[in-house]
Structures are given as structure tokens and as C-alpha cells.
Amino acid sequence: MSGGFQPAELSFIVALSNAGSLSGAARELGITTSAVSKRLAFIESRIGVPLVNRTTRRMSLTPEGEVLLEHARRILGEIADLDQLLTNSKGVPKGQLRVNATLGFGRLHIAPAISQYVLKYPQVDVQLQLSVDPPPLTDDQFDVCIRFGAPADTRVIARRLAANRRLLCASPKYLEQHGEPKSPAELARHNCICIRQGDEAYGVWRLFTGRETGPATGRTADAVRVRGNLTTNDGEIAVNWALDGHGILMRAEWDIERYLQSGRLVQVLPNFKTPDADIYAVYPQRHQLSARIRTFVDFLSGSFKRFK
């Protein structure tokens, strides 16, 4: 490999990967598809290895291309952070900020917060991606990931944004027809709406008694295997099924609080607690001095005060 890479070439590789095709990259970069193809061919020829597997409709990165992409994202982020540290003493955030969040929480809370954030900091370009299953914390694809529960990975910084409880709930219609469970064991005879998300154990609900939850209490939880005739990977759909009277649902308080307040849903087994799922902003340690990440996380923390 000779000549070394220029920041513009690294940006080109990132844009190419994000677009997923030569034509998509051309639209994003404002050039022709042939120009994208020629630029890619020039880089590949110069370094002596193929970076992209080309097909008629899609493209994918070769193993060498994946390695280059990983380093390009990290290097570009570090260049942006260094530029701010050395040239902008006030630390006004600028540059690209890549954010990942779950579908429901992202739509209801992260997207509106981003809308207000960029009004305050217009020099930041935010890319928000919502996903059912969160990406690995070591993936350099995102600058900030919004997660439920504190990650065990010590290679990242996790800042708690807000408390978050999971509650059991059902519609008054369902409880009138099927009765209200008085203990966790009684959940086994009820129709429960299940959600398949991430690495969580599917169909197993854990409930604790008392105020505190988690391993620090020294207690074991009641692990109840539940079942039902409705399952989804989308929390919004599951809530709508509960509203329609199909069964009992375990869902985050932020997602159902308005229905509990209006009476459309009723909390079930209120004396039992579920494992905490507090809301965290997670980002790599090397980004802790980044003005755009610091101000964004601070902004989120302030906007979630009502959850605290």
C-alpha cells in the first residue's frame, strides 16, 4: 500500500458504504455515477487491493474494504474533534453526528429532541438511524447510541439520561373478561403479548417484590414463562394490541404513561417490579472531549428531566 490516504478519500469510502450503491453515492456526493466508479477504481489501483464487490444493483465491501471503513470512520471523527479542540476555544459543536436509537423511543423522544438540538446548534449535521436490534457497542458506525440498561462493556462511556421502569398493563376490557392476576404465577394462565427484541430472553418475565431490583438486593426474581397468541418485534404494535384488549403487556413506562393516565390501560401487579431499564447515552471513550457529542448528550439529559 503506497501514498497514504487523504481525508477526502476516507470520506468518499464512508459515503460509498452509507449509500450502498455507486448511484446512491453519486447522488449523495453530487457527482455522476461514472465519476464515482472512476474514483473508486483509482483508489483501488493505487493501494493494490479491491475494496468493493460490484453487482448490477448493489455493492458490498470486501474484507479489506470493511477494515478501511472502520478506520476511516474513527479517523474522520478524531480529525473533527481535534479541529474543534485546536481551532475553536468556545467548543461550538459542528460536524457530523451519527445517532442510533430504538424504533419507538427514537420516534417519540429522540427525533423531537434532535429537532430542537439542531435549532440551537445548526453547525451539527445529525444522522438518525432507528433499528429494532441495536448495533454492537464496538461498531464505529454511530457516535452515540441510546440504550435501555447500563452496558457492561468498559470500552464505552454510558451516561444515564433518565430512569425507566417496565410495567405490566392491560386494558380494562381484558381484565373484566379474564380477571386480574394477583401473583406472578397467575400470569401463566393469561394471554400475554410478547415482544422479541435484542438479546432479551423471549417469553420470560422477571418480577421482584419491594422497591429495589437487581442483583445487588441478594434476592432472586420470580421468572415466569408467559405465552400468548400475539407476538411482534415492534413495541408500538404491541401497545395497540393491549389497547384493543388482547392481553397483558410488559412495556416501558415512557411508552404507556399517557394510556395509564387516561385509563385506557391499567397497571397489573403494581406491587411487583421488573428489572430496571434506565435510559443511557452510550459513546466511545475517545469521543468524551467531542463538543458535538458532549452538547448532544447534555441536551438529551435536559430534555428527559420529566422521566427523572
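Start by selecting helix α5, residues 103-120 (helices are DSSP runs of H or I, at least four residues; strands are runs of E, at least two; both are numbered from the N terminus). Its 18 residues, at 1.5 Å a residue, should span 26 Å (1.5 Å times one less than the number of residues), and the end C-alpha atoms are 25 Å apart, which agrees.

This is a predicted model, where local features need pLDDT of at least 70, side-chain atom pairs need 80 or more, and totals for chains, interfaces and linings use all residues. Residues are numbered from 1 along each chain as its sequence is written, and side-chain values use heavy atoms, without hydrogens and water.

Next, click I110: α5 bends there by about 35 degrees (the angle between axes fitted to the seven residues ending there and the seven starting there), and the proline P112 follows within four residues.

Now colour the buried residues of α5 (under 20% relative accessible area, 1.4 Å probe, protein chains only), among them F105, H109 and Y117. Their cover includes β3 (95-102), α8 (253-262) and α9 (291-303), by contact (heavy atoms within 4.5 Å).

Finally, move to R251 in strand β12, residues 248-252. R251 counts as buried because its relative accessibility is 11%. The C-alpha atoms of R251 and G235 are separated by 7.8 Å, though 16 residues apart along the chain.

Note on methods: Buried < 20%, exposed > 50% of the residue type's maximum accessible area, 1.4 Å probe, protein only.
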